[in-house]
Amino acid sequence: MGSASGDDAAVFQLTPDLALVQTVDFFTPIVDDPFDFGRIAAANALSDVYAMGGSPLTALNLVAFPLERLGGEVLHRILEGGLAVTEAAGCSIVGGHSIDDPEPKYGLAVTGTVDPAAMLTNAGARAGDALVLTKALGVGAITTAHKRDAADSAQLADAVATMVALNAEASVRAVAAGAHAATDVTGFGLLGHLHGMARESGLAAEVRAEDVPALEGALELLEDGVGVSGGGKNNRSYADPFTTFASDVTEARRRLVCDPATSGGLLVSIAAERAGELEGVVIGRMLDGEPGAIAVV
């Protein structure tokens with residue numbers, strides 16, 4: 001598969017029933033705890049393999065780090081966090097590369113496998129499909145507010161728990177239930193990633209704002225603006241040309257569906273009668289219409 005569809009990972013077919021799934025992802029810390037940062041970054045990188053219906057096999061550490069300034073113990077804890085998550089995923093870290101950098105960065109290059117016949121892409125959604133979201137939104141709002149001393153430790157703990165949770169089971173269930181398309185919700189927010197799925201599938205989409213799950217406290221942080229990040233504002237601007245909002249959709253809910261996620265859940269397009277086979281929330285549906293257009297009602 002090439003890059004034309006903007007799918008979650010690259011796929012290289014080896015045999016009729018075996019293909020490699022390859023992806024890479026790394027970023028700067030979004031939490032202060034080095035171990036949690038490592039766990040979040042690893043889960044986020046693995047998620048792109050799960051979004052394709054694949055199983056991760058090996059990973060390479062990608063490290064940029066100011067060793068003299070922050071010290072080896074901090075780096076050790078970051079790598080321990082990454083290792084903990086990859087081990088839980090049954091994925092082996094087999095090497096990596098590091099450079100000196102004033103700003104810490106960590107992530108993984110991941111290789112997995114998938115059966116091409118069972119592979120999930122962002123291009124197979126069908127009109128009438130239910131849209132199922134497997135994780136609540138709002139991690140961007142909470143981590144942003146925490147940096148501004150406006151989110152409490154319990155809210156941050158909830159956000160971390162969401163981000164480190166693997167999408168492995170969600171992926172297996174989606175494949176088993178015959179899902180038609182999938183993607184994971186990350187930096188472009190729900191609307192950005194849904195737009196890509198709808199566009200590549202030649203369909204429009206409808207999202208029921210009140211049904212979109214939010215982490216506890218996230219809507220309040222978005223309502224008063226303290227949880228609104230620069231990324232969230234950019235996502236909102238990006239979504240404006242292809243999104244219409246019903247007049248009764250609150251500003252907090254509009255911000256939520258644009259909130260940038262890290263290691264977010266899977267967004268799955270699946271026959272409505274089989275949506276109950278997934279652990280998630282039905283938040284809308286796929287429709288005939290202008291490809292990529294989204295109505296939030």
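This briefing walks through a few features of the structure shown above. The model is predicted, and the stops on this tour are a sheet, some helices, several charged pairs and a few unusual residues. One open sheet has five strands with mixed pairing, and the salt bridges number 12. Asp259 is a buried residue without a salt bridge, and it makes a good last stop.

**The five-strand sheet**

- Reading across the open sheet, the strands come in the order β1-β2-β5-β3-β4, and their pairing is mixed.
- The edges belong to β1 (10-15) and β4 (92-100); each has a single partner strand, so one side of each has no neighbour in the sheet.
- From one strand to the next, the twist averages 15°.
- Strands of a sheet pair through backbone hydrogen bonds, and the pairing can be parallel or antiparallel.
- Strands β3 (residues 55-65) and β5 (residues 105-114) run antiparallel and are joined by nine bridges.
- To find this pair by eye, look for Ser55, which stands opposite Thr113 in β5.
- Helix α3 (residues 72-88) packs on the sheet, where it touches β3, β4 and β5.
- The direction of α3 makes about 170° with that of β3.

**Two helices that cross**

- Helix α1 (residues 34-51) meets helix α5 (residues 153-164), with axes that come within 8 Å and cross at roughly 40°.
- That crossing makes α1 oblique to α5.
- On the α1 side, the contact is made by Asp36, Arg39, Ile40 and Ala43.
- On the α5 side, the residues are Val160, Met163 and Val164.

**Salt bridges around Arg173**

- Side chains of opposite charge can pair when their charged atoms come close.
- Glu169 and Arg173 form a salt bridge, and their closest N and O atoms are 3.1 Å apart.
- Both Glu169 and Arg173 belong to helix α6 (residues 168-176), where they sit four residues apart, about one turn of the helix.
- Glu169 is partly exposed, at 45% relative accessible area, and Arg173 is partly exposed as well, at 29%.
- Arg173 also forms a salt bridge with Glu279, with closest N and O atoms 3.2 Å apart.
- Glu279 lies in the loop between β10 and β11 (281-287) while Arg173 is in helix α6, so this pair ties together parts that are 106 residues apart in sequence.
- Glu279 is exposed, with a relative accessible area of 54%.
- Through shared partners, salt bridges join Glu169, Arg173 and Glu279 into one network.

**A salt bridge between Glu210 and Arg253**

- The side chains of Glu210 and Arg253 meet in a salt bridge, at 3.9 Å from N to O.
- Glu210 is in the loop between β8 (204-207) and α8 (218-223) and Arg253 is in helix α10, so the pair links parts that are 43 residues apart in sequence.
- Glu210 counts as exposed at 59% relative accessibility, whereas Arg253 is buried, with a relative accessible area of 11%.

**Two residues with positive phi**

- Most residues other than glycine have a negative phi.
- Asp149 is not a glycine, yet its phi is positive, near 60°.
- You can find Asp149 in the loop between α4 (139-147) and α5, where the residue is exposed, with a relative accessible area of 72%.
- Ser263 is not a glycine either, and its phi is positive at about 50°.
- Ser263 has its place in the loop between α10 and β10 and counts as buried, at 1% relative accessibility.

**A buried charge: Asp259**

- Asp259 is found in the loop between α10 (251-256) and β10 (266-270).
- Asp259 is buried but has no salt bridge.
- The nearest side chain of opposite charge is that of Arg255, 9.5 Å away; a salt bridge needs a side-chain nitrogen within 4 Å of a carboxyl oxygen, so this pair does not count as one.
- Leaving out residues up to four places away in sequence, Asp259 touches Gly138, Val139, Gly140, Ala141, Gly189, Leu222, Gly227 and Asn235.

Key. Residues numbered from 1 in each chain as written. Predicted model: local features only at pLDDT ≥ 70, side-chain atom pairs only at ≥ 80, totals over all residues. Heavy atoms only, no water. Helix = DSSP H or I, 4+ residues; strand = E, 2+ residues; numbered from the N terminus. Buried < 20%, exposed > 50% of the residue type's maximum accessible area, 1.4 Å probe, protein only. Lys, Arg positive; Asp, Glu negative; His and termini not counted. Contact = heavy atoms within 4.5 Å. Pairing = 2+ DSSP bridges. Axes fitted to C-alpha atoms, helices over the stretch in contact; angles between N-to-C directions. Parallel < 35°, antiparallel > 145°, perpendicular 65-115°, else oblique.
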